[in-house]
Structures are given as C-alpha cells and as structure tokens.
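The following exercises concern the architecture of a single protein chain. Each task is followed by a solution set out in steps.

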Amino acid sequence: MPLCSRPRLAAFMTRLRIATYNIHAGIGRDGCFDAQRIAEVINELRAEVVALHEVESHGGDLGALGVLAAETGLRALAGPTMLRGEATYGNALLTCCDFSGIERIDLSVPRREPRGALDVQLQCRGKPLRVVATHLGLSRAERGRQVRLLMDRLDPADTMPTVLMGDMNEWILWSKPLRQLHQRFGRTVAPATFPAAFPLFALDRLWVRPGSRLVRLYRHVTPLSRIASDHLPLIAEIDLSHH
C-alpha cells in the first residue's frame, strides 16, 4: 500500500526514510519496460522522499513519472536534463513531504550528456530538510567539475539539515570527487548497488549533513528490485529530532 495513503502514524516517529534509485528508464534486467514494476519497488521502500534517476517520460501529465506518482501516492517533482525525441529524461523526486522551494541546477559539461541536480527544500513533519538529488557524468574530469559546482551551492555554514544523494557514477574509492564530498559531508558507508543482480560497485551514494543525523544506510535487495532496474535502491534513515 502506498505510504501516504495510510493514516499518518509515522508523524509520531522521529525517523525519516529517504532513498535514491536509478530506474534505468523503467527498463528491467529482462529488457522489458515496466513502470508498474518500478512503482512496486518504490512502495517496498516505504520511503517518504525518493530521488529517481534516468526517468524517461513520454506524453502529458509527466508520462511515466505520473504513473509512478499515482501508483505510490507520492507527489512528483520533475528535473529533466534532456529531450529524447518527444520524451523528457533526467532526475525526479517523489515525496509526501511539503516543499517550499525547488531549483533545477544545470551541471552540464560541453560535449557531454546534459546533467543536472534537483535542489528541493522540504518540510517533513514540520522539520526543514534540504534535498539535493543528482546523476553525475561518466568521465572523471566531468564528475570533478560537477562536484565543484555542487560544492559551490552547498554552503558549509548553512545550518539546515541537508541530504545529497544520487548516482555518482564513481567507482574509484580514492577519486578526488569522492574525497571532496567526504571532506564536506563526512565519510559514510557505501553499499554496492550496481549491477543489481550481483552488486559490485557503489555508484549510488548518500550523504547527510550533519552526519550525526544519519541512523542507518543500506541497499534494498528483494527479488523484485534485482530485476526491475540495473541498480538497486539505496535507503537512509535519518533522525529529524536530533539536535
């Protein structure tokens, strides 16, 4: 059952569940497009904020993203980075939290696939939370430039609790972009999420600032999540009441 269609018993809890998930345009490991299957995985997560990547939507009402919103009971915020024919493609956010601001950040590098980030200010159970969801490029130099752009936007003096998450496309553990992110946000565990069948690489990452709010970080492994996309979802639980 979709999370937000139930009575809000969770309002009495202090933990918030958030997730990042590269859905591979809805195409599973069996080569079949199935938005309903992706929606079922999202419902398995029982998360109140879900960042999505490689979202391809055809037609009106946000296309496949609209289907995911309808099937999960969550509101959709689109962050397209490019057009593929008549379809949009890029990032998105699903949430049952209220939002007070949204900005789409262009992280594109010349002669590379357009990239971007969604920068959203949420109110989750009356608590402010900033969420930045992104999908970085495939080349090392490209990722380095994109991380520098993100760091320029994430003021270390900002006291609002912040989550940075997404498909970082970074598998080199000692890479400069990861070192910069760890320096700014603190080092977190990095469960392997790709490929979904036999995960070897921690391409999907999630950081929380301040790090003391992060309670748990883990990948979501079920029979359905292993086939619905080529990535597994990554889930975090954060403490909203922590001071």
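**Exercise 1.** Determine how many of the 9 residues of strand 7 (residues 127-135) are buried, and what follows for its surroundings.

*Solution.* The model is a predicted one. A residue is taken as buried when its relative accessible area is under 20%. By this criterion 7 of the 9 residues of strand 7 are buried, so the strand is largely enclosed by the rest of the structure.

**Exercise 2.** Identify the pairing of strand 7 with strand 6 (residues 116-124) and with strand 8 (residues 162-167).

*Solution.* Begin with strand 6, which pairs with strand 7 in the antiparallel sense over 8 bridges. Within this pair, aspartate 119 is placed opposite valine 132 of strand 7. The hairpin of the two strands has 2 residues between them, and arginine 125 there takes a positive phi near 55 degrees. Turn next to strand 8, which runs parallel to strand 7 and is joined to it by 6 bridges. Alanine 133 has methionine 165 of strand 8 as its bridge partner, while histidine 135 has aspartate 167. Finally, strand 7, helix 3 (residues 140-153) and strand 8 together make a β-α-β unit, which is right-handed.

**Exercise 3.** Place these strands in their sheet and state which strands stand at its edges.

*Solution.* The sheet is open and consists of 5 strands in the order 5-6-7-8-9, with mixed pairing. Strand 5 (98-106) and strand 9 (204-209) each have a single partner strand, so one side of each lacks a neighbour in the sheet; these are the edges. On average, and ignoring direction, neighbouring strands are turned by 15 degrees against each other. Helix 4 (residues 176-185) packs on this sheet, where it touches strand 8 and strand 9, and its direction makes about 25 degrees with that of strand 9.

**Exercise 4.** Establish which residues of helix 2 (residues 64-72) are buried and what leucine 68 contacts.

*Solution.* The buried residues are Ala64, Leu65, Leu68, Ala69 and Thr72. Viewed down the axis of helix 2, they fall within an arc of 145 degrees, so they line one face of the helix. Just after helix 2, glycine 73 takes a positive phi of about 75 degrees. With neighbours within four places in sequence set aside, leucine 68 is in contact with Ile23, Ala35, Ile38, Ala39, Ile42, Leu52 and Leu94. In the largest nonpolar core, of 24 residues, Leu68 is among those that touch the most other members, together with Tyr21, Ile42, Val50, Leu52 and Leu94. Helix 1 (35-45) gives the most to this core, with 5 residues.

Technical notes
Residues are numbered from 1 along each chain as its sequence is written. This is a predicted model: local features need pLDDT of at least 70, side-chain atom pairs count only at pLDDT 80 or more; totals for chains, interfaces and linings use all residues. Side-chain values use heavy atoms; hydrogens and water are left out. Buried means under 20% relative accessible area, exposed over 50%, partly exposed in between (1.4 Å probe, protein chains only). Helices (H or I, at least four residues) and strands (E, at least two) are DSSP runs, numbered from the N terminus. The arc is that of the directions from the helix axis to the C-beta atoms. Two strands pair if DSSP finds at least two bridges between them. A crossover is right-handed if, with the strands pointing away from the viewer, the path from the first strand over the helix to the second runs clockwise. A nonpolar core is a set of buried Ala, Val, Leu, Ile, Met, Phe, Trp, Tyr and Cys residues joined through side-chain atoms within 4.5 Å. Contact means heavy atoms within 4.5 Å. Axes are lines fitted to C-alpha atoms, for helices over the stretch in contact, and angles run from 0 to 180 degrees between N-to-C directions.
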